[in-house]
Amino acid sequence: MSILEYTALELAGQIRKKEISCREAVEAVFGQIKRNEESLNCYISLDREAALRQADAVQKKIEDGTLTGPLTGVPVAVKDNICTRGRKTTCASKILEGFVPPFDAFAVKKLKEAGCILIGKTNMDEFAMGSTTETSAFGATGNPWDPAHVPGGSSGGSAAAVAAGEAFLALGSDTGGSIRQPAGFCGVVGMKPTYGTVSRNGLIAYGSSLDQIGPLCRDVADCAALLEAVSGRDAMDSTSLERETDFTAALSADVKGLRIGIPRDYFTEGLDAEVRQAVLGAAQKLAQLGARVEEFDLSLVEYAIPAYYTIASAEASSNLERFDGIKYGYRTADYDGLHDMYKKTRSEGFGTEVKRRIMLGSFVLSSGYYDAYYLKALRVKAMIKEAFNDAFSRYDCILGPVAPAPAPKKGESLTDPIRMYLGDIYTISANLAGLPGISLPCGLSSRGLPIGVQLLADCFQEKKLISAAHAYEQARGSFPLCPALESAS
């Protein structure tokens, strides 16, 4: 069995038993990167020598008994909007050219404490604004199942790296589905925890009330272990929470009596027939395991897209105001005065999609439109949360698709931004309501592209999601390896 075929927990077990060394694991990952990175472009930056030095340091701590955790020695990738001390963090944007943070994000500190080995920073949509990882200033990422297709976004680099064996684990961020959707497109497991479960300290903000860091992994057990490793209260983030984080305790295959609701609103016009069949097949599998599955009406679904893009763009226009060419990053070479420098720096440094959302956000926050758009969107957000509260009074989990169709070809979404926005219809409600959600593969399309199923639960009910997802995964059996990883086996 190839090293790359192990899950993260299996690899860590082999390292503890001294069957594999940390250095061998890192070398295997960099060998896979060398084979596939030209066609996939999963990473913005890599540091092989630093990773090998860290591997040797971790190996010594394993041998002297200092590090004994379940993920010790595992190579991990981090999305490039999460700060890493001494390593470039660009948000896939020209405007952060050359920025090297002087500190680690809280989640990165927790990874290092767990004994994980940082491989590099993964590609993403610029400032996490996009659903395809095509808006990156460093070029598009390819889907490991077919590089002519997108891997999803904005955490497409992280999802593609895990699927292709270019990392065993990865961190992403989810503002409107940016972990769950690329996980669905790339055939891996992705989870957005309840808002506040993972500190946002060190995450470069897009929409502060919506952003959340979460794991992308090969299977549900890895996902639970990684979430457990990076969760916790952080004094530097007032929105982070003190809560129980023993998520691996939920890895049970028993879902008897679990109440699962399927929103009829998710299965209307616009849903691909193959996606419908695969997702309903997953629901049937859970029913066979003893879960109580039934359909219901989830109101306000059609209002989620406009509410989300109004709120997210408004917060983005405020958060990205700090990038002006003065303190760090890119500065235009030719300017006449301070205001001209601001204008030219931002015009040259930001990409098209980021400019579009900044302009939309500035518009909805402007005098005369604030009440008509932004405040109305906040009221809709509250109504969506109430609709979910009502649903979770009757159901433990809600099951549905991750996206309306499998991964589109590169270029298709960028020509029609509205179509790209509508692709988030099944994922954004979880961010508006602060809910946890998990996506995992449930089938392959006729073109051989993964199809994902999504499970949502009420706030702080990650264990129910992990239990249901693990039970389905066990019943489904092993999901096929993607061609990029299969060729290395």
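# A tour from helix 12 to the sheet

Select helix 11 and helix 12 (residues 370–392): their axes cross at roughly 110° and come within 7 Å. Angles of 65 to 115 degrees count as roughly perpendicular, so helix 11 is roughly perpendicular to helix 12. You are looking at a predicted model.

Now show the side chains at this crossing. On helix 11, pick Phe363, Val364 and Leu365. On helix 12, pick Tyr370, Tyr373 and Tyr374. What kinds of residue make the contact of helix 11 with helix 12? Six are nonpolar, with no polar and no charged residues.

**Next stop: helix 9**

Keep helix 11 (residues 352–365) on screen and add helix 9 (residues 301–319). The axes of helix 9 and helix 11 are 7 Å apart, and the packing angle is about 100°. That makes helix 9 roughly perpendicular to helix 11.

Select the helix 9 side of this contact: Tyr309, Thr310, Ser313, Ala314 and Ser317. Then select the helix 11 side: Arg357, Ile358, Leu360, Gly361, Ser362, Val364 and Leu365. Colour the residues of this contact by type. You should find six nonpolar, five polar and one charged. Val364 and Leu365 of helix 11 meet helix 9, and Val364 and Leu365 also belong to the contact with helix 12.

**Next stop: the sheet**

Hide the helices and show the strands. An open sheet of 11 strands comes into view, with mixed pairing. Trace the strands in the order 1-3-2-4-6-5-10-11-9-7-8. Which strands are the edge strands? They are strand 1 (43–46) and strand 8 (292–296), each pairing on one side only. Look along the sheet to follow its twist, which averages 30° from one strand to the next.

Zoom in on strand 1 and strand 3 (residues 117–122). They run antiparallel and are joined by three bridges. Select tyrosine 43, then look across to threonine 122 in strand 3, which stands opposite.

Bring back helix 15 (residues 462–476), which packs on the sheet. Helix 15 touches strand 5 (189–192), strand 9 (397–401), strand 10 (437–444) and strand 11 (450–457). Compare directions here: helix 15 makes about 15° with strand 10.

**Last stop: the annotated stretch**

Select residues 24–465. An unreviewed UniProt entry annotates this range as "domain: Amidase". Over residues 24–465, the chain is 38% helix and 14% strand. Mark the two end C-alpha atoms of this stretch: they are 34 Å apart.

Definitions and conventions: Residues numbered from 1 in each chain as written. Predicted model: local features only at pLDDT ≥ 70, side-chain atom pairs only at ≥ 80, totals over all residues. Heavy atoms only, no water. Axes fitted to C-alpha atoms, helices over the stretch in contact; angles between N-to-C directions. Helix = DSSP H or I, 4+ residues; strand = E, 2+ residues; numbered from the N terminus. Parallel < 35°, antiparallel > 145°, perpendicular 65-115°, else oblique. Contact = heavy atoms within 4.5 Å. Nonpolar A, V, L, I, M, F, W, Y, C, P; charged D, E, K, R; others polar. UniProt positions renumbered as here; feature names shortened; annotations may be inferred. Pairing = 2+ DSSP bridges.
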